[in-house]
Structure formats: structure tokens, C-alpha cells
Amino acid sequence: MQEIIRTRTRKKLEVLDLTPRVADVVTRSGVGEGLCTVFVRHATAAIVINENADPGVRADIVAALDKLFPEGMWEHDKVDDNGAAHLKAAFLGPSETVPVGGGRLLLGTWQGIALVECDGPREREIVVDVRG
Ligand code: ZN
């Protein structure tokens, strides 16, 4: 089963929890045991799995990305002025795969699936692919 999740980001750089929406697709897929791939269809956004309990972790991800990839010094800035956003997205990667067992995502207690917006605000499309 495949579904597209659409979301609107609000900030230039932010981390948005997708876990409940992905879990809902897994439930409706009826897959008991298999894999769930979450893939963002954009070059300036990424998918990560990390802690979703303490919002400080999301703030730290944003702060660390800004330190690693400062704005305004990249070759691609000459084209559309968002070279740093592409580097942040490339560093994190566009997808994650989570095992499915007992009909649900086998995430750890503190883990969640999140979209990292690197060049918002924008409309984003995320493919959720569940296979048994
Ligand atoms: Zn660009």
C-alpha cells in the first residue's frame, strides 16, 4: 500500500512529527509484518527518525544544521540562493525505513518519524510505502 501525506511547513527550518500519520497508514494497510518506507519527494527537505518526546531535540537538530551549513557561501546560491538547504537535506537523506511487526511500527519508546524542512515554508509531499 502506498499513500501520499501532504503537509504545509510554517518556518524556514523546522522539524515536524509525522509519526501519527504514518502509523495510521500502517494500520489501514493491514500489513502485519513487513517494512514501512517514508520518503520525501523534495531536494530541500529530509526524513529523520529520532526522539520525539523532548522538543529540545528538534530545536537542537535545527541549530546543529545551521551551524554545519551556514547560509550564503555555496555554489548553488548563484542559481536560486538555497545552497545551504540542499546540503542540509543531502546530509540527512530523503527517506527512512521502519520494520512493521504486529501490525504496527516497531519504533523504540522515544523514537518518532519526522520531516525536516530545510527551505520553508512550503507544501511538502511524503510517500508512505507499506509492504508485507
Ligand atoms: Zn535550489
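Start by selecting His-86: at 26% relative accessibility, this residue counts as partly exposed, because the partly exposed class runs between 20% and 50%. You are looking at a predicted model.

Now bring up the zinc ion. His-86 donates to the zinc ion through NE2. Add His-76, which also uses NE2, then Asp-80 and Asn-82. Asp-80 appears twice in the donor list, each time through OD, while Asn-82 gives OD1. The donor distances run from 2.0 to 2.6 Å. Along the sequence, the donor residues follow the spacing H-x3-D-x1-N-x3-H.

Stay on Asn-82. Is Asn-82 buried or exposed? Its relative accessibility is 5%, so Asn-82 counts as buried; the cut-off is under 20%.

Next, select residues 83-92. This is helix 4. Helix 4 lies across strand 4 and strand 7, and runs at about 50° to strand 4.

Follow those strands into their sheet. Three strands form an open sheet in the order 2-7-4, with antiparallel pairing. Color strand 2 (14-17) and strand 4 (45-51): these are the edge strands, each pairing on one side only. On average, neighbouring strands here are turned by 35° against each other, direction ignored.

Zoom in on strand 4 and strand 7 (residues 111-117). Seven bridges link this antiparallel pair. Pick Glu-51, and you will find Gln-111 of strand 7 opposite.

Last stop: residues 55-68, helix 2. Helix 2 packs on the sheet and touches strand 2, strand 4 and strand 7. The direction of helix 2 makes about 145° with that of strand 2.

Note on methods. Residues numbered from 1 in each chain as written. Predicted model: local features only at pLDDT ≥ 70, side-chain atom pairs only at ≥ 80, totals over all residues. Heavy atoms only, no water. Pairing = 2+ DSSP bridges. Helix = DSSP H or I, 4+ residues; strand = E, 2+ residues; numbered from the N terminus. Axes fitted to C-alpha atoms, helices over the stretch in contact; angles between N-to-C directions. Contact = heavy atoms within 4.5 Å. Donors = N, O, S within 2.8 Å, 3.2 Å for Na, K, Ca; no water. Buried < 20%, exposed > 50% of the residue type's maximum accessible area, 1.4 Å probe, protein only.
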